[in-house]
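The following exercises concern the structure shown below. Each task is followed by a solution worked step by step.

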Amino acid sequence: MTQPRNLGAFADNLNTSGQVSLTTGVSGTLPIANGGTGQTSLSCVTAGKATNIAGGSAGVIPYQTGSGATSFTAAGTSGQYLKSQGSGAPIWSCVSASTANSQTFTSSGTWTKPAGITFVQVCLWGGGGGGASGGANSSCGYAGGGGGGGARVRSPILLAACLPSTVTITVGNGGNGGAGGSCNTGTVGGTSSFGCYVKAYGGGYGCYSASGGGGGGSGSAGTVSAGGSPKAIIAGGGVPVCATGGSGGAGAPLASSQNSGSAEWGGGGGGRGAYRCGGTYICSKSAASSIYGPGGGGGGGVNTKSGSAGGASNSYSLGGGGAGGANCVAGTAGTQNPITLSGSGGGGGGFKKAGAAGGLYGGGGGGGGTCHGAGGNGGKGAVIVNSW
């Protein structure tokens with residue numbers, strides 16, 4: 001076809017809008033850049049909606065292996081999760097078991113550092129002090145004073161890497177109650193420790209002169225009518241760090257109307273025993289409590305005057321622990337508080353009867369009643385080592 005005829009045919013393809021019809025009179029390939037397909041001819045194509053990815057199988061997940069390249073993971077197993085490996089192929093993995101570990105020591109032993117832990121925190125209870133026995137002579141009678149509660153101390157969080165592979169654990173025993181007889185004191189509660197890192201001291205002993213024992217502190221044991229002192233710092237990983245643990249409450253003295261002293265982390269002070277001389281009677285005083293630590297033991301009773309109650313844990317009030325015994329009735333043993341785990345104090349014994357034992361984890365023993373009632377034993381201490 002000559003050029004004029006081509007132009008004429010092209011003109012014939014123009015419609016009324018000036019658009020060219022491509023059905024006739026046109027040959028060659030319309031470039032893609034100009035809106036063409038780059039093909040000289042096209043078959044009829046019907047676009048559909050994809051409902052499957054070729055190459056997949058049950059349980060697999062598609063992922064890109066590179067630009068414009070797709071692959072599939074293997075199928076995982078029940079309970080696994082998909083773990084990224086950055087630009088690498090994701091993999092199925094299992095949740096790692098927890099490294100959290102808790103060990104409770106109610107007797108002395110050795111703590112072995114678990115594998116995979118980073119931090120350690122220790123909670124310790126000193127032993128409760130023993131209550132005194134009651135005494136009497138021809139004209140006067142003294143009931144025994146209650147023993148003080150042991151201290152509770154919680155260490156700061158220690159770095160596991162700074163601790164040796166094993167640490168010696170010492171669990172303080174409860175103090176012994178005074179033997180039934182005339183005017184026998186109890187003994188001081190034992191000290192609990194986690195190596196050289198932290199200690200919790202025991203409660204003071206009850207005195208046969210009716211004075212209560214002081215509660216144990218984080219820095220020293222209680223003594224008669226005086227609480228154990230606090231300790232501001234302990235060594236942890238070579239660096240001085242603060243420990244939670246305060247002073248013990250003071251035991252109630254005989255020649256005063258003063259009550260036993262309550263505490264926050266130290267042990268509660270032991271209660272004063274009753275006193276009789278001629279026609280003069282002084283009633284026993286209930287033992288003091290501790291918010292987190294153990295309670296002190298109650299004082300013993302005399303004749304018709306009952307023994308007093310031991311102190312409680314998770315409290316800042318007097319009493320609340322083991323009940324004091326009425327005339328010729330023994331005191332009630334202390335128990336363990338389910339929230340703080342600290343023991344309550346044993347109740348003081350009534351006339352001629354024994355004071356009760358303090359609850360486990362440091363409760364003070366109750367004082368014995370006059371006429372040779374025995375003092376109650378203090379509750380044993382404990383050490384709990386938590387790591388994660």
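**Exercise 1.** State the accessible surface of the chain and the share of it that belongs to carbon and sulfur atoms.

Solution. The structure is a predicted model. Step 1: the accessible surface of the chain comes to about 17,900 Å². Step 2: carbon and sulfur atoms account for 54% of that area. Step 3: turning to burial, 43% of the 388 residues count as buried. Step 4: the secondary structure consists of 1 helix and 19 strands. Step 5: among contacts between residues at least 6 apart in sequence, 57% join residues at least 24 apart.

**Exercise 2.** Determine the strand order of the open sheet that contains E12, and identify which strands stand at its edges.

Solution. Step 1: the sheet has 4 strands in the order E6-E12-E13-E14, with antiparallel pairing. Step 2: strand E6 (109-112) and strand E14 (198-200) each have a single partner strand, so they stand at the edges and one side of each is left without a neighbour in the sheet. Step 3: from one strand to the next, the twist averages 20°. Step 4: within this sheet, E12 (residues 166-170) pairs with E13 (residues 192-194) over 2 bridges, in the antiparallel sense. Step 5: Thr 170 has Ser 193 of E13 as its bridge partner.

**Exercise 3.** Carry out the corresponding analysis for the open sheet that contains E9.

Solution. Step 1: the order is E8-E9-E17-E18, and the pairing of these 4 strands is antiparallel. Step 2: the edges are held by strand E8 (135-136) and strand E18 (280-282); each has a single partner strand, so one side of each lacks a neighbour in the sheet. Step 3: E8 is joined to E9 (residues 140-142) by 2 bridges, and the two run antiparallel. Step 4: Ala 136 stands opposite Gly 141 in E9.

**Exercise 4.** Describe the hairpin of E1 and E2, and name the residue in it that takes a positive phi.

Solution. Step 1: strand E1 (residues 62-66) and strand E2 (residues 69-72) run antiparallel and are joined by 4 bridges. Step 2: Pro 62 stands opposite Phe 72 in E2. Step 3: there are 2 residues between the strands, and Gly 68 takes a positive phi near 70°.

**Exercise 5.** Classify Gln 121 by its relative accessibility and list its contacts beyond four places in sequence.

Solution. Step 1: Gln 121 lies in strand E7 (residues 119-125). Step 2: buried means under 20% relative accessible area and exposed means over 50%; Gln 121, at 22%, therefore counts as partly exposed. Step 3: leaving aside neighbours within four places in sequence, Gln 121 is in contact with Arg 154, Ser 155, Pro 156, Ile 157, Ile 384, Val 385, Asn 386 and Trp 388. Step 4: for Ser 155, the C-alpha to C-alpha distance from Gln 121 is 5.8 Å, although the two are 34 residues apart in sequence.

**Exercise 6.** Which residues form a nonpolar patch on the surface with Ile 157, and what is their accessible area together?

Solution. Step 1: Ile 157 lies in the loop between strand E10 (152-154) and strand E11 (158-159). Step 2: Phe 119, Leu 159 and Trp 388 form the patch with Ile 157. Step 3: together, these four residues have about 360 Å² of accessible area. Step 4: of the patch members, Ile 157 and Trp 388 are also among the contacts of Gln 121.

Note on methods:
Residues are numbered from 1 along each chain as its sequence is written. This is a predicted model: local features need pLDDT of at least 70, side-chain atom pairs count only at pLDDT 80 or more; totals for chains, interfaces and linings use all residues. Side-chain values use heavy atoms; hydrogens and water are left out. Two strands pair if DSSP finds at least two bridges between them. Axes are lines fitted to C-alpha atoms, for helices over the stretch in contact, and angles run from 0 to 180 degrees between N-to-C directions. Patches are made of residues with over 30% relative accessible area and no salt bridge: like charges are joined within 9 Å, nonpolar side chains (Val, Leu, Ile, Met, Phe, Trp, Tyr) within 5 Å. Accessible areas come from the Shrake-Rupley method with a 1.4 Å probe; for residues, only the protein chains shown count as cover. A salt bridge is a side-chain nitrogen of Lys or Arg within 4 Å of a carboxyl oxygen of Asp or Glu. Buried means under 20% relative accessible area, exposed over 50%, partly exposed in between (1.4 Å probe, protein chains only). Contact means heavy atoms within 4.5 Å.
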